[in-house]
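Colleague: I am new to reading protein models, and I would like to learn how a sheet and a pocket are described. Could we go through them slowly, one feature at a time?

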Amino acid sequence: MVKLVLLRHGESTANEANIYTGWSDVPLTIKGCEQAKVAGKKLKEENITFTKAHTSLLERAIKTGMIVLDEINQSWIPLEKTWRLNERHYGALRGLNKEFTKRKYGSHQVALWRRSFDTVPPMLDERIEEPKYKKYPSTIIPRAESLKDAYNRILPYWVDEIAPELLHGNNQIVIAHGSTLRAMIKYIENISDEGIDGVEVANAEPIIYELDNKLRVISKKILK
C-alpha cells in the first residue's frame, strides 16, 4: 500500500480577484501563504514520508510546495517542476473577470468552458512565450486548452514519473492547480467525461489516496 497526496495551491491574487489565470504567473496572497502552512500542519499529523514532490512551473504552486515541505520537515526531498503540471490554459479568457465573462458570453457557455471535459475556450491569436519555456519546443505552449487537452499532457508525466515511484512503494505528493488536479483525479478514479464536471478541488485542502500495488484506489481522504 502506498500513499499519493494531491494538493491545490493556496489562494492566489487571481483567485482573490476572481479572474482567469491559466499559465499566467501570479503570486500567493497572504491568505494563500497561510493556507499552505495550515495544509502542511494537517499533513504533518498524517505522518507520511515522501520521496519526491511534483509541481508546475508556476509560482503559486511552487511556493505552496515549498511552504508545505517546510511544515512537514521534508524540504530536503526533490521538488520536481514540470510544465506538464501547469494549470489548464484559458486562452483569450486569461486575465478576464469570471463574472464579466458570464455577462458577456452567458452563464451556460462559461460553464462549458470551465467545467466540461472537451470544450476549448476562445484561443489566443498567437502563443505567448516566456523565458521559463525557452528550453522546450514552442509547440508545448497552448493558445487555449480544454480539460481533455490538459489531461493528455499530464498523463505522460504520470506514467513516466509519478506512477513508477508509487509502484516501488514510494509515497508521492503533487502540488498543482485546480483543473490539472481534476484531470489527474479523473484518471486515478476512472471518472467519466461527463462525471468530471461535478468534481471540485479546493485551495490548500490535501487529498490523500491509499493505493494498492496496481495503483487502484483503496481509500480517499480530504483534509479540510
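Modeller: Let us begin with a term: two strands are said to pair if DSSP finds at least two bridges between them. In general, strands of a sheet pair through backbone hydrogen bonds, either parallel or antiparallel. Please keep in mind that what we are looking at is a predicted model.

Colleague: In what order do the 6 strands of the sheet stand here?

Modeller: The order is β3-β2-β4-β1-β5-β6, and these strands form an open sheet in which the pairing is mixed. Because β3 (79–81) and β6 (217–222) each have a single partner strand, they stand at the edges, and one side of each is left without a neighbour in the sheet. From one strand to the next, the twist averages 20°.

Colleague: How many bridges join β1 to β4?

Modeller: There are 5 bridges between β1 (residues 2–8) and β4 (residues 172–176), and these two strands run parallel. As an example, Arg8 has Ala176 as its bridge partner in β4.

Colleague: Which strands does helix α3 lie across?

Modeller: Helix α3 (residues 59–71) lies across β1, β2 (52–55), β3 and β4, and it runs at about 140° to β4.

Colleague: Which residues lie nearest the centre of the largest pocket?

Modeller: Arg8, which we met in the sheet, is one of them, together with Glu87, Tyr90, Lys98 and Arg114, out of a lining of 20 residues. The largest pocket has a volume of about 360 Å³, and its lining divides into 4 nonpolar, 8 polar and 8 charged residues. The largest share of that lining, 3 residues, comes from α7.

Conventions. Residues are numbered from 1 along each chain as its sequence is written. This is a predicted model: local features need pLDDT of at least 70, side-chain atom pairs count only at pLDDT 80 or more; totals for chains, interfaces and linings use all residues. Side-chain values use heavy atoms; hydrogens and water are left out. On a 1 Å grid over the protein atoms alone, a cavity is a set of points where a 1.4 Å probe fits but cannot get out, and a pocket is an open set with protein on both sides within 12 Å along at least five of seven lines; lining residues have an atom within 4 Å of a point. Grid points are joined across faces, edges and corners, and a volume is the space filled by probe spheres set on the points. Helices (H or I, at least four residues) and strands (E, at least two) are DSSP runs, numbered from the N terminus. Ala, Val, Leu, Ile, Met, Phe, Trp, Tyr, Cys and Pro count as nonpolar, Asp, Glu, Lys and Arg as charged, and the others, Gly among them, as polar. Axes are lines fitted to C-alpha atoms, for helices over the stretch in contact, and angles run from 0 to 180 degrees between N-to-C directions. Contact means heavy atoms within 4.5 Å.
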